[in-house]
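Reader: I am new to this structure and would be grateful for a close look at one part of it. Please take a charged residue and its surroundings, and then place that part among the chains.

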Amino acid sequence: MARSKVMKVLTENPVWRSVFRHKMPSDDRNRVLVVLSNVFLHLHPTKVRKSGVRLSYTWCMGGLTFFIFLVESVTGILLMFYYRPTAEFAFEDIQALGAHVPLGIMRELHRWGAHAMVITVWLHMFRVFLTGSYKPPREFNWNVGVILLVLTLLLSFTGYLLPWDQLAMWAVTVGTNMARATPFLGNEGPGAALLAIGDTPLVHAGSDVRFALLGGRFVAAGALLRFYVLHCIAIPLAAAVLMAVHFWRVRKDGGISGPL
Amino acid sequence: MSDEKQESPGAGAEASETPAAPEATAVKRPKLVPVKKAVPVKAPSAPADEGVTRRGLFSALGLGWLTFVGASGAFLAASTRFLFPNVRYEPPSSFRAGLPSDYAVGAVEERFKAQYGVWIVRNQEGMYVLSTVCTHLGCTPNWLAAEQKFKCPCHGSGFRMSGINFEGPAPRPLERYAISLADDGQVLIDKSRLFQEEKGQWKDPASFLRL
Amino acid sequence: METFKEIVNFLTNPKILLILSVVMFAAGLIFIRFFTKPIVAIAGAAASVVFFGLSMTDENFMLIVAKADNVPIVMMVVLVGFFTWLGMRRAVINDQLMEAGQETMERRETKQKVFVWPDLVYIEFLAIILCTVGLIIWSILLDAPLEEPANPTRTPNPSKAPWYFLGLQEMLVYYDPWIAGVLLPGLIIVGLMAVPYFDPNPKGNGYYTWKERKFAITTFLFGFLILWVTLIFIGTFLRGPNWNFFGLFERWDVAKLEALVNVDLSEYFWVIWLDGGRPTNPLLRELPGLIVTAGYLFLLPPILAKTVFRKFYAEMGPIRFNVMIFLFLMMASLPIKMALRWMFNLKYLVAFPEYFFNI
């Protein structure tokens with residue numbers, strides 16, 4: 001009795017009613033309303049196939065990927081408060097983060113979350129392939145998903161440079177040196193030698209695609225800043241937009257996949 | 001498909017900003033229904049004496065689209081150019097490296113590796129300067145004196161003392177830089193001039209200092 | 001114990017490991033009913049745990065596994081193994097149901113609908129809680145690695161890319177950077193995106209099945225399990241200083257000497273087989289390699305269209321078939337090139353170092 005009295009005080013007032021436009025979701029009508037009247041829950045339909053809630057069918061990897069993206073956003077924003085993306089301060093700031101800031105697992109959460117997100121996104125793609133869920137009418141959404149997979153890897157890769165330690169520097173050196181070999185656009189790519197006016201090459205170490213990525217001819221302060229901006233703003237923004245498309249199309253293409 | 005067709009004339013007219021814009025929206029609606037019906041509807045709404053014929057309208061639209069595409073392209077090109085600054089803050093490319101007599105014959109001098117990214121090698125005939133950038137993916141190889149080779153830790157490329165690649169994935173020899181004697185008798189190294197063996201540039205006298 | 005280590009070191013020689021994994025892969029698919037039994041999976045898991053536990057006693061293995069950044073790789077191997085088993089088990093059950101003329105598990109549940117609140121929301125909530133707890137425990141137990149400050153003049157030995165790119169890094173040993181670093185990754189992305197457009201099979205949409213999609217699943221599993229996950233494993237555990245191969249329990253000796261004198265096809269052809277000198281004209285010099293490459297890319301597709309893939313050709317038509325077969329051949333070229341390198345020390349089929357164009 002006491003419980004229902006508390007509930008009554010809690011729910012039967014103008015403030016509560018202004019937030020929630022439905023009663024307790026204890027009957028079918030209100031279970032529908034709870035989803036329909038909430039912008040976040042509205043990501044879902046009001047009812048789904050039973051197979052869509054079966055873990056051995058969905059593996060829940062897509063949902064977890066999205067959740068880890070949110071975790072990464074929150075921990076990433078907190079980390080940005082203590083980090084300056086310059087060759088002078090970057091390493092020190094990361095060191096100080098471990099020593100001077102309370103709750104010293106923020107960087108760990110961010111880093112291990114990033115690794116976990118790579119795994120969950122692969123497994124999500126694996127599940128979608130095994131269930132043939134890329135087949136009509138979901139071809140386009142599979143494509144969006146592939147781009148999101150690439151963006152996830154790029155997010156992780158750009159973040160790898162930011163601690164500015166040996167591990168970061170050389171992993172990124174190896175990774176970005178591949179860009180030197182891009183056909184026509186890289187200064188050591190096939191075809192680049194053909195793009196020249198007389199003896200002056202158009203594509204050289206100071207003007208190729210790798211330079212655009214690094215802001216310099218090697219991994220230095222310019223690269224740190226560019227990777228920081230890509231990591232914190234450009235790629236997350238692109239990923240967020242594509243995620244919106246991805247989720248919307250899941251709904252439009254018939255919900256969580258199942259046999260037609 | 002029909003969505004695109006419906007949108008393009010209107011958007012094009014806006015982009016071109018010609019006085020034809022109101023007519024363009026008038027045309028837009030009939031275009032959704034079959035063309036045969038569209039003609040009689042359109043004719044009274046756009047009398048010939050107003051000077052807007054169908055052909056004139058379409059060429060204006062075409063011009064508008066062309067301008068739009070051109071402007072977008074120019075903006076994209078400008079944005080790309082924005083990625084390449086006019087000034088680079090990187091270490092100077094030429095430096096003096098002591099007297100030739102400081103170098104032992106048959107040895108690889110690693111003193112300048114850290115600051116300038118070069119090895120200076122002295123042999124019987126003279127001296128040359130090798131870049132410390134692996135030609136495979138740009139890691140920095142290590143000089144293994146015991147095996148008389150440069151070995152790259154990233155993917156295992158190996159180079160002989162001359163810089164010629166002989167093992168691992170490196171596709172071509174290490175690059176050499178220009179070397180000469182300065183007025184004060186010191187070795188002068190100019191990193192802005194590169195010499196690649198596979199292009200036959202090692203025969204260039206500037207790539208090798210005869211002693 | 002020492003003999004056990006010797007045997008494992010021998011088996012983890014990359015050539016043997018890759019052959020073994022391909023054999024196991026084929027066996028897994030041929031005897032799929034056997035391998036998807038729960039008892040077999042439990043036995044396999046138990047064996048893996050015992051093997052992992054024994055391996056932990058080895059100093060060198062411990063050094064690699066205990067590296068904080070390598071923990072996700074172990075996790076990935078475990079998860080990929082489990083989910084492959086789970087997916088294939090459901091596929092086998094569905095196949096058996098369909099053979100018996102019954103509905104698949106998914107179809108049976110399609111007709112039943114459940115409310116999102118509470119059924120789905122509740123599962124999502126649980127998944128989020130578990131994931132958060134897992135991440136927090138992981139973060140408390142393991143510190144994020146931080147090495148010495150960046151030093152552009154001293155390359156660590158060995159120098160590795162982030163673990164999820166180690167498959168690509170392994171490819172770089174066999175291919176020129178423009179192929180391994182740009183063309184092949186690009187084709188992986190394009191190829192994945194093209195999958196829905198050249199899979200002509202309308203069956204297997206929205207449920208697990210093996211019998212109805214043998215070719216698609218085999219190709220995908222081969223690419224994912226062998227060419228991606230196994231190469232990551234090799235890159236992590238078997239590549240040591242100077243990018244030499246080391247057995248799983250072998251000490252990473254910086255001084256390990258391995259003669260790797262690689263020979264181009266042009267040298268094989270003109271110098272070794274014809275006993276002459278290499279022609280000075282680069283085009284003539286590389287002619288054998290160009291012919292082989294052109295044959296692989298342009299002659300093989302029509303032959304395949306007439307023989308083994310006749311059914312696909314009829315279903316897909318020339319354009320879709322040729323795109324599919326091109327991507328398929330590019331994927332197959334990786335193990336082929338690896339085998340050529342290991343067996344004949346072949347470096348490049350075609351080599352124009354003058355133009356940075358090597359195949």
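Author: The account below begins with one arginine of chain B, continues with the salt bridges, and ends with chain C and the contact between chains A and B.

The model is a predicted one. The residue chosen is B:Arg172, which lies in the loop between strand S8 (165-167) and strand S9 (176-181) of chain B. B:Arg172 has a relative accessible area of 2% and is therefore buried, the limit for that class being under 20%.

Two polar contacts of the B:Arg172 side chain can be described. One, of 3.0 Å, joins the side chain of B:Arg172 to that of B:Glu175. The other, of 3.3 Å, runs from the side chain of B:Arg172 to the side chain of B:Glu198. In general terms, side chains of opposite charge can pair when their charged atoms come close.

The surroundings of B:Arg172 involve three chains. Leaving aside residues up to four places away in sequence, B:Arg172 touches B:Thr135, B:Phe159, B:Asn165, B:Gln196 and B:Glu198 in chain B, together with A:Glu188 from chain A and C:Phe356 from chain C.

Strand S8 of chain B, on one side of the loop that holds B:Arg172, also takes part in a salt bridge. B:Glu167 pairs with B:Lys149, and the closest N and O atoms are 2.9 Å apart. This pair links distant parts of the chain, since B:Glu167 belongs to strand S8 and B:Lys149 to strand S6 (residues 149-151), 18 residues apart. Both partners are buried: B:Glu167 has a relative accessibility of 2%, and B:Lys149 has one of 7%. The pair is also part of a network of salt bridges that links B:Glu147, B:Lys149, B:Lys151 and B:Glu167.

Over all chains, the structure holds 20 salt bridges. Two of chain C may be set beside the pair just described. In one, C:Glu99 and C:Arg33 form a salt bridge whose closest N and O atoms are 3.5 Å apart. C:Glu99 lies in helix H6 (residues 71-99) and C:Arg33 in helix H3 (residues 32-35) of chain C, so this pair ties together parts that are 66 residues apart in sequence. C:Glu99 is exposed, at a relative accessible area of 51%, whereas C:Arg33 is partly exposed, at 40%.

The other salt bridge also involves helix H6 of chain C. Here the side chains of C:Arg90 and C:Glu106 meet at 3.1 Å, N to O. C:Arg90 is in helix H6 and C:Glu106 is in helix H7 (residues 105-110) of chain C, so the pair links distant parts of the chain, 16 residues apart. C:Arg90 counts as buried at 7% relative accessibility, and C:Glu106 is buried with a relative accessible area of 0%.

These two pairs belong to a chain with 15 helices and three strands. The C-alpha atoms of chain C fill a box of roughly 75 × 55 × 40 Å along the principal axes. Chain C has 359 residues, of which 48% count as buried. Among the contacts in chain C with a separation of 6 or more, 67% are between residues 24 or more positions apart. The accessible surface of chain C comes to about 17,500 Å², with 73% of that area belonging to carbon and sulfur atoms.

It remains to consider how chains A and B meet. In this interface, 16 residues of chain A are in contact with 17 residues of chain B. The two chains bury about 1,200 Å² between them, and 57% of this is on carbon and sulfur atoms. On the side of chain A, the residues that lose the most area to chain B are A:Val174, A:Phe211 and A:Arg217, which together account for 31% of what that side buries. There are zero salt bridges between chain A and chain B, while one residue pair is in polar contact, with both residues at pLDDT 80 or more.

Helix H9 (166-180) and helix H10 (209-214) are the elements that give two or more residues to the side of chain A that touches chain B. The largest share, six residues, comes from helix H9 of chain A. By class, that side of chain A has six nonpolar, five polar and five charged residues.

To return to the part requested, B:Arg172 is a buried residue in a loop between two strands of chain B, and its side chain makes polar contacts with the side chains of B:Glu175 and B:Glu198.

Definitions and conventions: Residues numbered from 1 in each chain as written. Chains lettered and ligands numbered in written order. Predicted model: local features only at pLDDT ≥ 70, side-chain atom pairs only at ≥ 80, totals over all residues. Heavy atoms only, no water. Contact = heavy atoms within 4.5 Å. Buried area = accessible area lost by both parts, 1.4 Å probe. Salt bridge = Lys/Arg side-chain N within 4 Å of Asp/Glu carboxyl O. Polar contact = N/O pair within 3.5 Å; in protein donor to acceptor, adjacent residues only side chain to side chain. Helix = DSSP H or I, 4+ residues; strand = E, 2+ residues; numbered from the N terminus. Nonpolar A, V, L, I, M, F, W, Y, C, P; charged D, E, K, R; others polar. Buried < 20%, exposed > 50% of the residue type's maximum accessible area, 1.4 Å probe, protein only. Areas by Shrake-Rupley, 256 points an atom, 1.4 Å probe, with all protein chains shown as cover.
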